[in-house]
Structures are given as C-alpha cells and as structure tokens.
Amino acid sequence: MKGFCDSGRGMGVGGAVGGVTGALVGLGMPEYVAVRYEGRVKKGGILLSVHSDSSDWTKRAKDILERTGAEDIASSSEASADYAKSDRPMTRTATGSGPRE
C-alpha cells in the first residue's frame, strides 16, 4: 500500500492542483481518483494511508479495514528499494555497508 509521506516527489504538481488532490497526484494517483477522495474528505470522511512491506501485511491491513467498515479500499505497489542508494540507516560494520535491521 502506498504511503502519503513521500520524499518531496510531485511537489510541483501539488502546488498546481492544490490540497489533498495535489498531494495524491504527486504520489502517482490518477487525478480523477484524487479528486474523488478530496471530495469525500471535505464532507467529513477520513483518508487513511498504510505502508506495508509485503503483500501479506497489505492483505492483513485490507482485511482489518473491511471488517471495521472502511469504504473504497485500494492498494498500489511501489518500486522495490535499493538500500545502498536510499537514506535508510545502514549498520555499522567493518565495511560500513548493509541495511540496519
């Protein structure tokens, strides 16, 4: 599932479109879907984003949301991360490489 907290991707789009719609479009969501979500939020709805590291966790999150009455549940995948090129903290080893667990 895709999270809303991203590393500044799509900031130009967000400024042009504005509000929730701009943020969602900047994260790669189609504009017509983002507009629908923003409309629901303006009417008092809650928009929840969950990031999961595997399809098993995504399924569990979707199951919980369905059981608790959530509507319009959707998920999308992200590109796999290359930890060597990310800002994720690395473990301190003799060579100084490898992801921290």
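These legends describe close-up views of a predicted model.

**View 1. The whole protein chain, an all-helix pattern of α-α-α-α.**
The protein chain holds four helices and zero strands. Of its 101 residues, 17% count as buried. The chain exposes about 7600 Å², and carbon and sulfur atoms supply 54% of that area. Among contacts with a separation of 6 or more, 35% involve residues 24 or more positions apart.

**View 2. Helix H2 crosses helix H3.**
Two packed helices are described by the angle between their axes and the distance between the axes. Here, H2 spans residues 19-26 and H3 spans residues 31-42. Their axes come within 8 Å and cross at roughly 145°. The crossing is right-handed. H2 contributes Gly19, Val20, Thr21, Leu24 and Val25 to the contact. H3 contributes Glu31, Ala34, Val35, Tyr37 and Glu38. By class, the residues of this contact divide into six nonpolar, two polar and two charged.

**View 3. Arg36 meets Asp72 in a salt bridge.**
The N to O distance between the two side chains is 2.9 Å. Arg36 lies in helix H3 and Asp72 in the segment after H4, so the pair ties together parts that are 36 residues apart in sequence. Arg36 is partly exposed, at 37% relative accessibility. Asp72 is also partly exposed, with a relative accessible area of 33%.

**View 4. The backbone at Asp72 has a positive phi.**
Most residues other than glycine have a negative phi. Asp72 is not a glycine, yet its phi is about 55°. The residue sits in the segment after helix H4, which covers 55-67.

**View 5. Glu38 and Lys42 form a salt bridge within helix H3.**
Their side chains meet at 3.9 Å, N to O. The two residues are four apart in H3, so about one helical turn separates them. Glu38 counts as buried because its relative accessibility is 15%, under the 20% cut-off. Lys42 counts as exposed because its value is 67%, over the 50% cut-off. Glu38 also takes part in the contact of H2 with H3.

**View 6. Lys59 and Asp63 form a salt bridge in helix H4.**
The closest N and O atoms are 3.1 Å apart. Both residues lie in H4, four residues apart, about one turn of the helix. Asp63 is partly exposed, with a relative accessible area of 27%.

**View 7. A salt-bridge network includes Arg36 and Asp72.**
Salt bridges that share partners join Arg36, Arg40, Glu71 and Asp72 into one network. The whole structure has five salt bridges.

Technical notes: Residues numbered from 1 in each chain as written. Predicted model: local features only at pLDDT ≥ 70, side-chain atom pairs only at ≥ 80, totals over all residues. Heavy atoms only, no water. Buried < 20%, exposed > 50% of the residue type's maximum accessible area, 1.4 Å probe, protein only. Contact = heavy atoms within 4.5 Å. Areas by Shrake-Rupley, 256 points an atom, 1.4 Å probe, with all protein chains shown as cover. Axes fitted to C-alpha atoms, helices over the stretch in contact; angles between N-to-C directions. Left-handed = near helix turned anticlockwise from the far one by under 90°. Nonpolar A, V, L, I, M, F, W, Y, C, P; charged D, E, K, R; others polar. Salt bridge = Lys/Arg side-chain N within 4 Å of Asp/Glu carboxyl O.
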